[in-house]
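Welcome to a short set of exercises on reading a protein model. Try each task yourself before you look at the worked solution.

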Amino acid sequence: MQKLVINGGKKLSGEVTIGGAKNSTVALIPAAILSDTPVVLDSVPQIRDVNNLRSILLDMNVTSEVKNDVLKIDPTKIHFAELPSGKVSSLRASYYFMGAMLGRFGKAVVGFPGGDDIGPRPIDQHIKGFEALGAHVENKQGQIIITSPADGLKGAKIFLDMVSVGATINVILAAVKAKGTTVIENAAKEPEIIDLATFLNNMGAIIRGVGTETIRIEGVDQLRSNNSHTIIPDRIEAGTYLSLAAANGGDILINNIISEHLDAFIAKLDEMNVNLEIGEDSIYVKPSPDIRAVNIKTMPYPGFATDLQQPITPLLLQAQGEAMIIDTIYPKRIKHISELQKMGGDISSENDLIFVHGGSQLSGATVSAEEIRAGACLMIAGLLAHGTTVIENAENILRGYDRVVWKLHQLQADVELVGEDDLK
Ligand SMILES: CC(=O)N[C@H]1[C@@H](OP(=O)(O)OP(=O)(O)OC[C@H]2O[C@@H](n3ccc(=O)[nH]c3=O)[C@H](O)[C@@H]2O)O[C@H](CO)[C@@H](O)[C@@H]1O
Ligand SMILES: C=C(OP(=O)(O)O)C(=O)O
């Protein structure tokens, strides 16, 4: 187990640069197998999810090499492989191999995906989408076996029952080489979906309407990559550092931000009285002595992101007044609460509502990062707390936070990663 040891309570200052978006990258890597030529991605974050996806690619004889933040993927010698549980269960996004393999081979055998334990995460809408395109889907003891008809997948109209990032992306991946037109209604609008469509369109795909609730895809026979694709900045990593900077009260400049992707989050920071100077692609967080509590309701994009409700919590613990949080996407995303209580945080939950009472002084404790954003929340809390905080299961933070220890050192934080990496 890896542990993040934090000696907190220090004023931080300096600059931090945000990496490429985890949730784009983990879709772009599976999407690369749809290409008939090698693919180059840049601004790739150094995170565990990328390592795990590269290892899954190797099972299909798809080689990849990484240098700094450039990842080259060569799918030209790809062969079909079943992807049973194991590696696949190490992350959520392995489910994108369902759509991508279906597009490439007309067949996919993929174990049930893993990812963060944030309450039930069904994939019925993904399956409904594959079936609408004509595929046969079978669940054999946790293995999802998906087969195209002999004459291939055919475009169809799919109305998603709920707005789902994963289902929208998986249907795009399966439909991009299907025959005819696919229309996804009630599609998710996240910037990472636009990033994926940009990548595929640059390789010859015809995907229109991304960023709106109706996406149209005209199937094509071939995808070929001609240029490298630069991944958009991670808006969740940016929100995490914004929350840290505002709560810590130092002088912190955060670079490589598309602030429009954070509109709902920044609106809440404004409401809280956080002092921000928003530049073209950076945000400077100035000391903000008078933070007020606000209520938060998470919603699909462009609403307040569920992935930021835990990272903003330590800031709410510093505010004056009481805040209420409703996570409409993942109401059971509360694994941070018991741990914050160990640190003296006045926070509780009842009937899927989270209550945060501001003004408590946090103190260091041994806590556990049960999932990525709970871990990010505890990391910020540890940096604010007096004394030493030990965050166990820090691997969950490393799943999605690019070179986090190095970045915190850039801000003069006293943090250290200890222990063996034994989580796959
Ligand atoms: C790798 C990735 O991009 N992960 C993100 C993605 O996860 P993920 O794509 O798994 O999340 P979805 O957008 O699909 O989930 C939204 C809601 O729909 C429900 N649902 C989803 C699919 C389905 O077939 N059936 C169903 O009921 C989910 O349980 C959830 O309540 O979006 C989430 C919501 O913004 C983020 O927290 C995750 O960081
Ligand atoms: C829930 C998340 O990730 P995943 O979907 O990969 O589990 C997240 O990034 O907050």
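**Exercise 1: Two unusual backbone angles**

Arg-403 sits in the loop between helix H12 (395-398) and helix H13 (404-410). Helices here are DSSP runs of H or I with at least four residues, strands are runs of E with at least two, and both are numbered from the N terminus. Before you start, note that this is a predicted model: local features need pLDDT of at least 70, side-chain atom pairs count only at pLDDT 80 or more, and totals for chains, interfaces and linings use all residues. Residues are numbered from 1 along each chain as its sequence is written, while chains are lettered from A and ligands numbered from 1 in the order in which they are written.

Task: What is the phi of Arg-403, and where does Asp-352 lie?

Solution:
- Step 1. Phi of Arg-403 is near 35°, which is positive although the residue is not glycine.
- Step 2. Arg-403 has 16 other C-beta atoms within 10 Å, so it is partly exposed. The cut-offs are these: 20 or more other C-beta atoms within 10 Å of a residue's own make it buried, 12 or fewer make it exposed, and anything in between is partly exposed, with C-beta atoms placed from the backbone.
- Step 3. Asp-352 belongs to the loop between strand E19 (347-350) and strand E20 (353-357). Its phi is near 65°, a positive value in a residue other than glycine.
- Step 4. Asp-352 is partly exposed because 15 other C-beta atoms lie within 10 Å.

**Exercise 2: A peptide bond to look up**

Task: Which residues does a cis peptide bond join?

Solution:
- Step 1. The bond lies between Tyr-301 and Pro-302, with omega about 10°.
- Step 2. Pro-302 is placed in the loop between strand E17 (296-298) and helix H9 (313-318).

**Exercise 3: The two faces of a strand**

Task: Which side chains of strand E16 (residues 282-285) are buried, and which strands pair with E16?

Solution:
- Step 1. In a regular strand the side chains alternate between the two faces of the sheet.
- Step 2. In E16, Ile-283 and Val-285 point to one face and are buried, while Ser-282 and Tyr-284 point to the other and are not.
- Step 3. Strand E14 (residues 251-255) runs antiparallel to E16, and four bridges join them. Strands count as paired if DSSP finds at least two bridges between them.
- Step 4. Strand E15 (residues 276-278) also pairs with E16 in the antiparallel sense, over three bridges. E15 and E16 form a hairpin, with three residues between them.
- Step 5. Now find Val-285: Ile-252 stands opposite it, and so does Leu-276.

**Exercise 4: Around the ligand**

Task: Which residues come nearest to ligand 1, and what kinds of residue make up its shell?

Solution:
- Step 1. The shell has 21 residues, and Asn-23, Gln-125, Ser-164, Val-165 and Gly-166 come nearest. A residue is near a molecule if its C-beta atom, placed from the backbone, lies within 6 Å of it.
- Step 2. The elements that give two or more residues to this shell are helix H1 (22-31), helix H4 (124-132) and helix H5 (165-175).
- Step 3. By type, the shell holds eleven nonpolar, six polar and four charged residues. Ala, Val, Leu, Ile, Met, Phe, Trp, Tyr, Cys and Pro count as nonpolar, Asp, Glu, Lys and Arg as charged, and the others, Gly among them, as polar.
- Step 4. At least three shell residues come from each of domain 1 (3-19 + 233-418) and domain 2 (22-230); the bounds are from an automatic or database domain assignment.

**Exercise 5: Neighbours in a record**

Task: Is Ile-123 buried or exposed, and is Asp-124 buried or exposed?

Solution:
- Step 1. An unreviewed UniProt entry lists both under "binding site", among them also Arg-92 and Gln-125. Its positions are given in the numbering used here, feature names are shortened, and annotations may be inferred rather than shown by experiment.
- Step 2. Ile-123 is in the loop between strand E6 (107-111) and H4, and is buried because 20 other C-beta atoms lie within 10 Å.
- Step 3. Asp-124 is part of helix H4. With 11 C-beta neighbours inside 10 Å, Asp-124 counts as exposed.
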